[in-house]
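Visitor: I would like a close look at a single part of this model, with the pairing of charged side chains as the way in. Please take me from there outward, step by step, to whatever surrounds it.

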Amino acid sequence: FIKIDVREKDCMDIIKIRNEMKNDMKIVEDITRKSFYNIYIPGCIEHYLIHIMREHKDFIKELDFVLELNGKVIGNIMYTKAKLTAETGKEKNILTFGPVSISPAYQRRGYGKMLMEHSFKKAKDMGYDVIVIFGSPVNYISSGFKSCKKYNISIENEKYPSAMLVKELIPNVLEGHKWIYSHSPVMNINVEEAQKYDDTLEPMEKKFLPSQEEFYIMSRSFIE
């Protein structure tokens with residue numbers, strides 16, 4: 001794990017990034033649920049995704065990290081395997097992460113970026129050289145992500161989603177090819193099953209928020 005002492009004014013915050021353990025699982029699911037509830041849709045499905053992700057063959061437990069602040073888990077990041085297929089038929093194993101979550105009370109303080117940067121180093125050490133994600137560009141550009149169009153990475157219909165972002169862990173490793181991105185089957189979430197799981201948890205009010213319209217527009221936008 002990594003341990004960081006952060007001095008702010010007269011306080012000393014101790015930040016530790018380590019692999020998730022069994023007794024963290026419910027805490028992490030609760031953080032994820034509270035982080036995403038009503039942000040993209042009324043309610044959310046991200047906590048159900050991580051609930052089923054851990055048992056999937058494409059889950060990479062070595063890249064499953066939590067961030068502790070003064071001994072309290074306040075965030076996490078999880079990875080699964082993904083794939084790029086070149087125009088030649090050549091396949092390349094890559095990574096995708098998500099969700100990355102920080103408890104609402106601690107958001108916008110740089111903790112999510114700490115988790116990402118730590119995981120990027122570990123992923124590179126494991127031999128991975130590319131990460132593809134779907135998200136709002138404003139949240140990820142500062143961490144080195146760029147438009148999929150710049151790397152000639154599309155989805156199956158040769159479209160370039162505005163929300164599909166790419167980071168090379170090794171510069172220029174994608175040059176010379178056109179690629180098609182494929183995610184793990186675990187990402188194909190059954191919404192009804194996700195709702196059933198959510199119904200077993202502490203009730204939270206579903207709301208319609210402006211961020212949901214922003215997500216609707218972004219998730220259906222493409223770059224020409």
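**A charged pair and its surroundings**

Guide: In this predicted model, the side chains of Glu29 and Arg54 come together in a salt bridge, with 3.0 Å from N to O. Glu29 belongs to helix 1, whereas Arg54 sits in the loop between helix 2 and strand 3 (65-69), so the pair ties together parts that are 25 residues apart in sequence. Both partners are shielded, for Glu29 is buried and Arg54 is buried as well.

Glu29 also takes part in the packing of two helices. Helix 1 (residues 25-36) and helix 2 (residues 46-53) pack at an angle of about 155°, and their axes are 8 Å apart. Because angles over 145 degrees count as roughly antiparallel, helix 1 is roughly antiparallel to helix 2. On the side of helix 1 the contact is made by Val28, Glu29, Thr32, Arg33 and Phe36, and on the side of helix 2 by Glu46, His47, Ile50 and His51. Sorted by class, this contact has three nonpolar, three polar and three charged residues.

Helix 2 itself is largely enclosed by the rest of the structure, because six of its eight residues are buried. Those buried residues are Glu46, His47, Tyr48, Leu49, Ile50 and Met53, and of these Glu46, His47 and Ile50 also belong to the contact with helix 1. The cover over the buried residues of helix 2 includes helix 1, strand 4, strand 5 and helix 5 (191-199).

The pair of Glu29 and Arg54 can be set beside other charged pairs, since the structure holds 11 salt bridges. One of them joins the side chains of Asp24 and Arg18 at 2.7 Å, N to O, and both of these residues are buried. Arg18 and Asp24 are linked with Glu68 in a network of salt bridges. Another salt bridge brings together the side chains of Lys83 and Glu91, at 3.3 Å from N to O; here Lys83 counts as partly exposed, because its relative accessibility is 27%.

Strand 4 and strand 5, which help to cover helix 2, lead on to the nonpolar interior. Strand 4 (72-86) and strand 5 (91-102) each supply at least two residues to the largest nonpolar core, as do strand 2 (11-19), strand 3, helix 3 (111-125) and strand 6 (130-134). This core has 27 residues, of which Phe97 and Ile131 touch the most other members, while helix 3 gives the most to the core, with five residues. Leaving aside neighbours within four places in sequence, Ile131 is in contact with Tyr79, Leu95, Thr96, Phe97, Phe120, Phe145, Leu165, Val166, Lys167 and Leu169. Another core, of 15 residues, lies apart from the largest one, and among its members are Ala82, Val132, Cys148 and Leu174.

Leu174 offers a last step outward, to Tyr151, with which Leu174 is in contact. Tyr151 is found in the loop between strand 7 (146-147) and strand 8 (153-154), and because its relative accessibility is 13%, Tyr151 counts as buried. Beyond its neighbours within four places in sequence, the contacts of Tyr151 also include Lys146, Val166, Glu168, His177 and Trp179, and Val166 is in contact with Ile131 too.

How values were computed. Residues are numbered from 1 along each chain as its sequence is written. This is a predicted model: local features need pLDDT of at least 70, side-chain atom pairs count only at pLDDT 80 or more; totals for chains, interfaces and linings use all residues. Side-chain values use heavy atoms; hydrogens and water are left out. Axes are lines fitted to C-alpha atoms, for helices over the stretch in contact, and angles run from 0 to 180 degrees between N-to-C directions. Helices (H or I, at least four residues) and strands (E, at least two) are DSSP runs, numbered from the N terminus. Angles under 35 degrees count as roughly parallel, over 145 as roughly antiparallel, 65 to 115 as roughly perpendicular and the rest as oblique. Contact means heavy atoms within 4.5 Å. Ala, Val, Leu, Ile, Met, Phe, Trp, Tyr, Cys and Pro count as nonpolar, Asp, Glu, Lys and Arg as charged, and the others, Gly among them, as polar. A salt bridge is a side-chain nitrogen of Lys or Arg within 4 Å of a carboxyl oxygen of Asp or Glu. Buried means under 20% relative accessible area, exposed over 50%, partly exposed in between (1.4 Å probe, protein chains only). A nonpolar core is a set of buried Ala, Val, Leu, Ile, Met, Phe, Trp, Tyr and Cys residues joined through side-chain atoms within 4.5 Å.
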